[in-house]
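Here is a short report on one protein chain. Please keep the sequence and the 3D view open while reading.

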Amino acid sequence: MNLAARDIRHNLGRFLLTCVGLGLLLGVVLAMIGIYRGLILEALTITRAPAIDLWVVEASTRGPFAEASSVPGDTREAIARIAGVAAAGSVTYQMVETEYLGSKLRLYIIGYEPTRPGGPPEIVEGRSIARSHFEMVADNSTGLALGDRIALGRSTFTVVGLTQQQVSSGGDPAVYVTLPDAQKLQFDLAPSAARIQLARGSGGSGRDTVNAVIARLQPNASPDDVANTVRRWKHLAAITQQEQEDILTHSLVDRARRQIGLFTSILLIVSAVIIALIIYTMTMEKLKQIATLKLIGAPDRTIIGMIVQQSLLLGATGFVIGAVLIFNVKDYFPRRVVLEPFGVTLLGLIVLVVCVLSSGLGVRAALRVDPATALGG
């Protein structure tokens with residue numbers, strides 16, 4: 001006879017309701033883990049999109065994401081001539097807020113040269129940019145569709161292609177335009193400001209400036225060796241792809257990453273306390289039945305097994321309910337929620353361990369019951 005199963009069937013409604021409540025809590029824990037993984041993935045999306053090996057930025061900066069960076073546009077030609085470089089391209093990055101269909105729309109504008117590295121990694125609908133001006137490829141999370149026209153600055157762009165899952169570290173959707181259009185958007189002044197600068201004698205300065213030069217290396221080239229070559233020029237800084245990813249994960253999103261990690265740990269502790277209290281309450285409600293079992297000679301291991309089995313079943317059922325809930329609603333979150341099989345499995349194992357440890361209070365109360373209690377009124 002399985003005492004745990006019989007006891008659960010006797011109070012099935014209450015047990016299932018308890019599982020649902022615990023499942024909601026564990027679902028929040030799982031969601032926080034997914035948000036944590038999504039935060040890291042989004043922070044690295046733009047840096048990984050061009051599939052390059054080296055970032056050349058302004059000297060003494062860690063740009064273009066962690067710090068502001070400006071380098072002359074013709075730096076690309078010098079980088080392209082370095083031994084080991086297969087292709088080089090100039091890129092700009094900027095945040096723009098515009099109006100679309102009567103509401104505000106924040107966009108992360110990426111300017112690139114269509115024939116060089118820096119463009120969207122994948123076109124899921126439509127085509128790539130074919131004209132030198134006023135065409136864009138947008139991430140599908142912007143809500144834009146093929147053929148839509150949207151004003152950026154003093155120019156109007158037409159959406160000719162859609163990409164997917166291209167967002168900035170802040171979660172804003174990315175759009176790709178040609179480098180000249182991006183430079184005009186980033187560096188051109190408003191007419192009134194331009195007149196003031198012209199009157200001051202500084203209106204004729206060029207805008208052939210970019211935020212970074214990216215380079216794709218040949219298969220046998222070492223990123224560190226090419227980076228050291230660039231650093232010898234003194235007026236430029238070189239960052240390998242791995243160093244760029246480390247800067248983003250350990251600097252740009254470090255505080256948010258640690259805060260989410262701490263909140264997830266607190267939720268796990270709260271879950272452990274709740275499971276312990278539930279099991280303890282369930283045990284205290286049947287102390288007389290446990291005393292009866294002891295009176296008829298049931299060994300302690302039978303009573304311990306009943307309590308631990310109930311605890312494990314409670315945790316497993318709650319975890320399944322929480323996992324099913326989050327897997328079905330994760331696509332409705334405003335930012336990406338990434339649920340990896342390893343992370344989900346690891347959390348499931350942690351929940352089972354927590355259930356075993358949390359049943360300790362109930363086991364302790366059960367073992368202290370006097371069998372004579374069963375003879376009382």
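## Contacts along the chain

In this chain, 77% of the contacts with a separation of 6 or more come from residues 24 or more positions apart. The model is predicted.

One pair shows such a separation in numbers. Q289 and P371 lie 82 residues apart along the chain. Their C-alpha atoms are separated by 9.7 Å.

## Overall build

The chain contains twelve helices and twelve strands. Its C-alpha atoms fill a box of roughly 100 × 50 × 40 Å along the principal axes.

How does the radius of gyration compare with that of a compact globule of 377 residues? The chain has 30 Å, whereas such a globule would have a value near 21 Å.

## Buried share and surface

Of the 377 residues, 45% count as buried. The chain exposes about 19100 Å². Carbon and sulfur atoms supply 58% of that area.

## S168, in a loop

S168 sits in the loop between β8 and β9. Strand β8 covers 155-163, and strand β9 covers 174-178.

Is S168 buried or exposed? S168 counts as buried because its relative accessibility is 4%, and the cut-off for buried is under 20%. Leaving out residues up to four places away in sequence, S168 touches E42, I46, M95 and Y108.

## Q289, in a helix

Q289 belongs to helix α9, which spans residues 287-295. Its relative accessibility is 47%, so Q289 counts as partly exposed. The partly exposed class lies between the buried limit of 20% and the exposed limit of 50%.

## A nonpolar surface patch

Which residues form the nonpolar patch on the surface? They are V20, L24, I321 and L325. Together they have about 290 Å² of accessible area. Two elements, α2 (12-48) and α10 (300-329), each give two or more residues to this patch.

I321 is one of the patch residues. Helix α10 holds I321. With a relative accessible area of 30%, I321 is partly exposed.

## Three residues side by side

| Residue | Place | Relative accessibility | Class |
|---|---|---|---|
| S168 | loop between β8 and β9 | 4% | buried |
| Q289 | helix α9 | 47% | partly exposed |
| I321 | helix α10 | 30% | partly exposed |

Definitions and conventions. Residues are numbered from 1 along each chain as its sequence is written. This is a predicted model: local features need pLDDT of at least 70, side-chain atom pairs count only at pLDDT 80 or more; totals for chains, interfaces and linings use all residues. Side-chain values use heavy atoms; hydrogens and water are left out. Buried means under 20% relative accessible area, exposed over 50%, partly exposed in between (1.4 Å probe, protein chains only). Contact means heavy atoms within 4.5 Å. Patches are made of residues with over 30% relative accessible area and no salt bridge: like charges are joined within 9 Å, nonpolar side chains (Val, Leu, Ile, Met, Phe, Trp, Tyr) within 5 Å. Accessible areas come from the Shrake-Rupley method with a 1.4 Å probe; for residues, only the protein chains shown count as cover. A salt bridge is a side-chain nitrogen of Lys or Arg within 4 Å of a carboxyl oxygen of Asp or Glu. The radius of gyration is taken over C-alpha atoms; the globule rule is 2.2 Å times the number of residues to the power 0.38.
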